[in-house]
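Hello,

Here is the structure I promised to pass on to you. Please have a look at it first, and then read my notes underneath.

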Amino acid sequence: MAVPLSWYMLLSLAVFSIGVFGFLSRRNIIIMLMSIELMLNGVNINLIALSHYIQDLRGQILAFFVIAVAAAEAAIGLAIVIAMFRNRATAHVDEIKEMQG
Amino acid sequence: MANMELQWYHVLIPFLPLTGFIINILLGKEVTRYKAHWFAVSSVFGSWLCSLATLQDVLGGKIIDADLYTWILSGTFKVGVGFLIDPLTAVMLIVVTTCATLIHIYAIGYMHGDTGYYRFFSYLNLFTFCMLMLVMGNNFLQLYFGWEGVGLCSYFLIGYYFNKKSAADAGKKAFIVNRFGDFGFGIGVFMVFLTFGTLHYADVFANVSSIAGKTVNFLGLNVDLPTLIALLLFCGAVGKSAQIPLHVWLPDAMEGPTPVSALIHAATMVTAGVFLVARCNPIFNLSEIAMNTVAIIGALTMFFAATIAITQNDIKRIIAFSTCSHLGYMFLACGVGAYAAGIFHLYTHAFFKALLFLAAGSVIHAVHTNNIQFMGGLKKYMPITYAVFVIAGLSAGGFPGLSGFFSKDEIIWSAYASHSSVGKFVWILALAGAFFTPFYTFRLIFRTFFGEYRGGLEAEEAATHAHSSSHGSGHSSHGAGHDSHGSGHDPHGHDSSHGSGHDSHGGHGHGPHESPYIMTVPLMFLAVGAIAAGWVGIPPLLGGGNHFAHFLQPVVGHPEFHGTHAEEWGVMILSTTIALIGLGLAAFMYLRKTDLPERISKQFSLLYKILYNKYYVDEFYNLTIVQPTLKLANKVLVGFTDAKIIEGIVNGVPNLIGIFSQKLRRLQTGIAHHYAIFMAAGAVFIVALVILLS
């Protein structure tokens, strides 16, 4: 018995919402990066489930792209975090506001 | 007249000087430098050879009217770059290329060592190109192109010593004064197009009779169409040919180097106006008002310029006023319908006036001043210059047998014998002019070449210092005082930018010396022209055939004269006598009773001052046009339009943006969470929008 589509979509919604909540509520930059990963993966679940549902492989291909982009983003994001941490010994985003207008 | 295809040598006439210009302007600074004249002179000389071949064609009865290239094509409006080569063009070609070649050669010596040597020759080449396009064009637009081109080159060359303020100002003055004339000229060309639907000479002149007597609504007035077109075109001629009231630029144009004065402001460019009137003679012939205007403006300019010339002290300005005056003669001739006589005078005038200028340049080259107060006695130092100067003077003054005599006599006779309603009036002025020309020319010659050498530049500088230190002693004998108005005096720029050249052939300290052969040989050639060029137009009365007028007849027609042979003899003898009296009086006043001029100037000091200050025309224009324009510019344009409107917009837009960005930048807190909330809120907002609207 196959799992119905709505379950996948609810799972996806849950993962994405946890990501959004984490991103908005936490101040540690590492946690925020992880939250972004959660959001992206929530989207991926959605893409793959719908792709399977309508029998169209393009959704799964798109999911691979998202994974690749997420990997790159994580690499760059972590590199920035490391550079920043070396300079100011903190990973707390509220203390980093050089970009204030 | 047989038609003929365009030949390669016709095309080369204008384009050779263009090639010379391009080579020198691109390579002059680095490559050709002080060899710039190789290309310049050889290209103009090539044009001259091609012109001779062309003259041969035209003398063989051929007329060429062919387009080389379609320049503008828009609906029914079609303008080509094309050539019309007929007797009138052939005469102009010979005048332009002959003078240009000789003057280019002369300039090798005159401009020797000048830092802008290549620049000078490239402008001179460009000028020759434009002038040739002007005279060879077969439509009004090409005429206009050449017209503006020569004006531009005139501006370049008047302001050639651009680091001297008076020269730069004189260039601007020439250009701006010409704007007034060219504005009318431009409208005239538009009117021709509106009326005839074409700008091609042949088509316009073929249909010209259809506009006779028609009127047109111009600025709310019903005016006679031929009169309107003719007068508008004449506006351009008045500006370019320095006729009253736009004559003020020509004397100032003497700030340019002397070869420029000779080529542009004597022999060729300033005669373009006469060429225009002669070329458009079918239009002018339709309007008596326009013809009379041309005649009267010419006669008045001739008379007033001649009277000014007798009081001036600047050698080049005297000749400049003489040019004004002779151009007046040409217009006078055209105005009474004797176009051939006008063009004949143009042709002889080119030789003797170019010669006068170049000889004057030779004098300036030797004494380094333009002021004849400080010359004198140069006869023994500069025999060749002296000889050619006298020849040119005699020719200009109308001494029997020389070029100027035949052309001037033809004009005076035409004025007397024509049917023109103003003929007799302009005839009297023409006779008066016949007195003044030899008088001022020989005043110049006697002051320059006879008597004792009065020291040249050193004496002038000493006098200037004395004058300025003993300010108010008021002893300015015969106008020896400096010209006080702006553009005044002009020898120094020549010297300072030029000095190195002199040392190489003679050096200072031994008094003035004759110019090198590179300068005197062209003078001799021009002297031959000044003597003999007029022999092609000897009237039947003196046993000639008046070949010149017959040659031009297909283009300009031949006026009907009424007058007997006896009258013709009478007029000729009268004008010659008057000319000789003028010469004699000059000799008497400046050789025998040398204190007389000063006494006369004291006696009639008011008249003298008016003449010396050129009838205060410059001052009048300054007061009525220049100052109000400056005020308008300062108060309205600078004070309001520029400061309020333009600056307001230019500064207002960035100021507004600045204010808004001051507000907007507060959004950029730099805190990542604020951005995240905005993003989330934005996403929610968009999703909500999609759901609500679908």
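Below is what I found, taken chain by chain.

One caution to begin with: this is a predicted model, so please read everything here in that light.

Let me start with chain A. Chain A has three helices and zero strands, and from the N terminus its elements run α-α-α. The radius of gyration of chain A comes out at 17 Å, whereas the globule rule gives 13 Å for 101 residues, so chain A is more spread out than a compact globule. Along the principal axes, its C-alpha atoms fill a box of roughly 55 × 25 × 25 Å. Of the 101 residues of chain A, 11% count as buried. Among the contacts in chain A with a separation of 6 or more, 49% come from residues 24 or more positions apart.

Next, the place where the two chains meet. Ten residues of chain A are in contact with twelve residues of chain B. On the chain A side, these divide into five nonpolar, two polar and three charged residues.

In chain B, I would point you to a pair of helices. Helix α5(B) covers residues 140-158 and helix α6(B) covers residues 165-196; the two pack at an angle of about 175 degrees, with their axes 9 Å apart. Angles over 145 degrees count as roughly antiparallel, and α5(B) and α6(B) are therefore roughly antiparallel to each other. The residues of α5(B) that take part include F140(B), Y144(B) and G151(B), and those of α6(B) include A167(B), F175(B) and V192(B). By class, this contact has ten nonpolar, four polar and two charged residues.

Then there is α14(B), residues 315-335. At 1.5 Å a residue, its 21 residues should span 30 Å, and the end C-alpha atoms are indeed 30 Å apart. How many residues of α14(B) are buried? The count is 21 of the 21, so this helix is largely enclosed by the rest of the structure. Just after α14(B), G337(B) takes a positive phi of about 90 degrees.

Finally, a single residue to look at: I13(B), which sits in helix α1(B), residues 8-32. I13(B) has 28 C-beta neighbours inside 10 Å and therefore counts as buried. Beyond its neighbours within four places in sequence, I13(B) is in contact with S47(B), C50(B), S51(B), T54(B), L93(B), L132(B) and M136(B). The C-alpha atoms of I13(B) and S43(B) are 9.0 Å apart, with their positions 30 residues apart along the chain.

Best wishes

Methods. Residues are numbered from 1 along each chain as its sequence is written. Chains are lettered from A and ligands numbered from 1 in the order in which they are written. This is a predicted model: local features need pLDDT of at least 70, side-chain atom pairs count only at pLDDT 80 or more; totals for chains, interfaces and linings use all residues. Two residues are in contact if their C-beta atoms, placed from the backbone, lie within 7 Å. Ala, Val, Leu, Ile, Met, Phe, Trp, Tyr, Cys and Pro count as nonpolar, Asp, Glu, Lys and Arg as charged, and the others, Gly among them, as polar. Helices (H or I, at least four residues) and strands (E, at least two) are DSSP runs, numbered from the N terminus. The radius of gyration is taken over C-alpha atoms; the globule rule is 2.2 Å times the number of residues to the power 0.38. A residue is buried if 20 or more other C-beta atoms lie within 10 Å of its own, exposed if 12 or fewer, and partly exposed in between; C-beta atoms are placed from the backbone. The expected span of a helix is 1.5 Å times one less than its number of residues. Axes are lines fitted to C-alpha atoms, for helices over the stretch in contact, and angles run from 0 to 180 degrees between N-to-C directions. Angles under 35 degrees count as roughly parallel, over 145 as roughly antiparallel, 65 to 115 as roughly perpendicular and the rest as oblique.
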